[in-house]
Amino acid sequence: MASGEIIYYDDEFMAKFEKLKVLLEEQDHAKTYRFLIDNFGYIFTTCQHYWRYAANNGENFKDADEEVKSELMRPLSHRQYRIIERSFSVWQEEQDLVIWTIWDFLHDEERIYNKKVMSIAEVGGCSIVLENVYVRLDHKINKDRK
């Protein structure tokens, strides 16, 4: 989880990540929306902290070890770029795919299990995907109410 403003892929984060998959499979849009806000909403403010880190040449994370600093600079995978693009999909038949993009983005073809921290690029990309998922979930929730 977030420790000193760094998002670690620790046991707590991974448990929430796995719970997200269960909720997505259940297709309870309102419950998933609330879960994302409660458990991943901090990513938006962390994104701002990460960009300050980048602007200050790492001064904000001077206590981080070299491995963490190196991982903070890890770029997005090609697949993650495609997932960001997919999160903007406007096709009605792809609405459910858009909702899954948050899990797909973080999972990154199982690479999440080998990462220690979320990089600057991942936090920025995750913020974009998460916002698009919120919009789609909100649309689905309001549509379900009618």
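This passage walks through the fold, the core, the charged pairs and a few backbone details of a predicted model.

The protein is built from seven helices and two strands. Starting at the N terminus, the two strands come before the helices, in the order β-β-α-α-α-α-α-α-α. Of its 146 residues, 47% count as buried. The accessible surface adds up to about 8,000 Å², and carbon and sulfur atoms make up 50% of that area. Among contacts with a separation of 6 or more, 74% join residues 24 or more positions apart.

Two pairs of residues give a feel for how the chain comes back to itself. Aspartate 138 sits in helix α7 and is partly exposed, at a relative accessible area of 35%. Its C-alpha atom is 7.6 Å from that of tyrosine 33, although the two residues are 105 apart along the chain. Lysine 115, in the loop between α6 and α7, offers another case: 107 residues separate it from tyrosine 8 along the chain, while the C-alpha atoms of the two are 8.6 Å apart.

What holds the middle of the picture is the largest nonpolar core, with 40 residues; Phe13, Leu36, Phe40, Tyr50, Ile102, Leu106 and Met118 have the most contacts inside it. At least two residues of this core come from each of β2 (6-7), α1 (11-26), α2 (29-40), α3 (43-55), α4 (66-72), α5 (78-87), α6 (95-107) and α7 (120-145). Helix α7 gives the largest share, eight residues. Methionine 118 shows what such a core position looks like up close. Setting aside residues up to four places away in sequence, methionine 118 touches Ile7, Tyr9, Phe13, Ile43, Tyr50, Leu72, Arg74, Leu106, Val123 and Cys126.

Helix α2 is worth a look of its own. Its twelve residues reach 15 Å from the first C-alpha to the last, close to the 16 Å expected at 1.5 Å a residue. Buried along α2 are His29, Thr32, Phe35, Leu36, Asn39 and Phe40. These residues lie on the same side of α2, because they cover an arc of only 125° around the axis. Two of the buried residues, Leu36 and Phe40, also appear among the residues with the most contacts inside the largest nonpolar core.

Then there are the charges. Side chains of opposite charge can pair when their charged atoms come close. The model has 13 salt bridges. One of them joins the side chains of glutamate 66 and lysine 69, at 4.0 Å from N to O. Both residues belong to helix α4 and lie three residues apart, about one turn of the helix. Glutamate 66 is exposed, with a relative accessible area of 60%, whereas lysine 69 is partly exposed, at 22%.

A salt bridge of another kind connects lysine 116 with glutamate 67, at 3.5 Å from N to O. Lysine 116 is in the loop between α6 and α7 and glutamate 67 is in helix α4, so this pair ties together parts that are 49 residues apart in sequence. Both ends are partly exposed: lysine 116 has a relative accessibility of 28%, and glutamate 67 a relative accessible area of 46%.

Glutamate 71 and arginine 74 also meet in a salt bridge, at 2.8 Å from N to O, and both of these residues are buried. They are part of a network of salt bridges that links Glu71, Arg74, Arg79, Asp108, Glu109, Arg111, Lys115 and Glu122. Lysine 115, a member of this network, counts as buried at 11% relative accessibility. Beyond its neighbours within four places in sequence, lysine 115 is in contact with Tyr9, Glu71, Arg74, Gln80, Asp108 and Glu122.

Finally, the backbone has a couple of quirks. Most residues other than glycine have a negative phi, and most peptide bonds are trans. Glutamine 27, which is not a glycine, has a positive phi near 60°. Glutamine 27 lies in the loop between α1 and α2 and is exposed, at 51% relative accessibility. Glutamate 110 likewise has a positive phi, about 70°, without being a glycine. Its place is the loop between α6 and α7, and glutamate 110 counts as exposed at 51% relative accessibility.

Conventions. Residues numbered from 1 in each chain as written. Predicted model: local features only at pLDDT ≥ 70, side-chain atom pairs only at ≥ 80, totals over all residues. Heavy atoms only, no water. Core = buried A, V, L, I, M, F, W, Y, C linked by side-chain atoms within 4.5 Å. Buried < 20%, exposed > 50% of the residue type's maximum accessible area, 1.4 Å probe, protein only. Helix = DSSP H or I, 4+ residues; strand = E, 2+ residues; numbered from the N terminus. Contact = heavy atoms within 4.5 Å. Expected span 1.5 Å × (residues − 1). Arc of directions from axis to C-beta. Areas by Shrake-Rupley, 256 points an atom, 1.4 Å probe, with all protein chains shown as cover.
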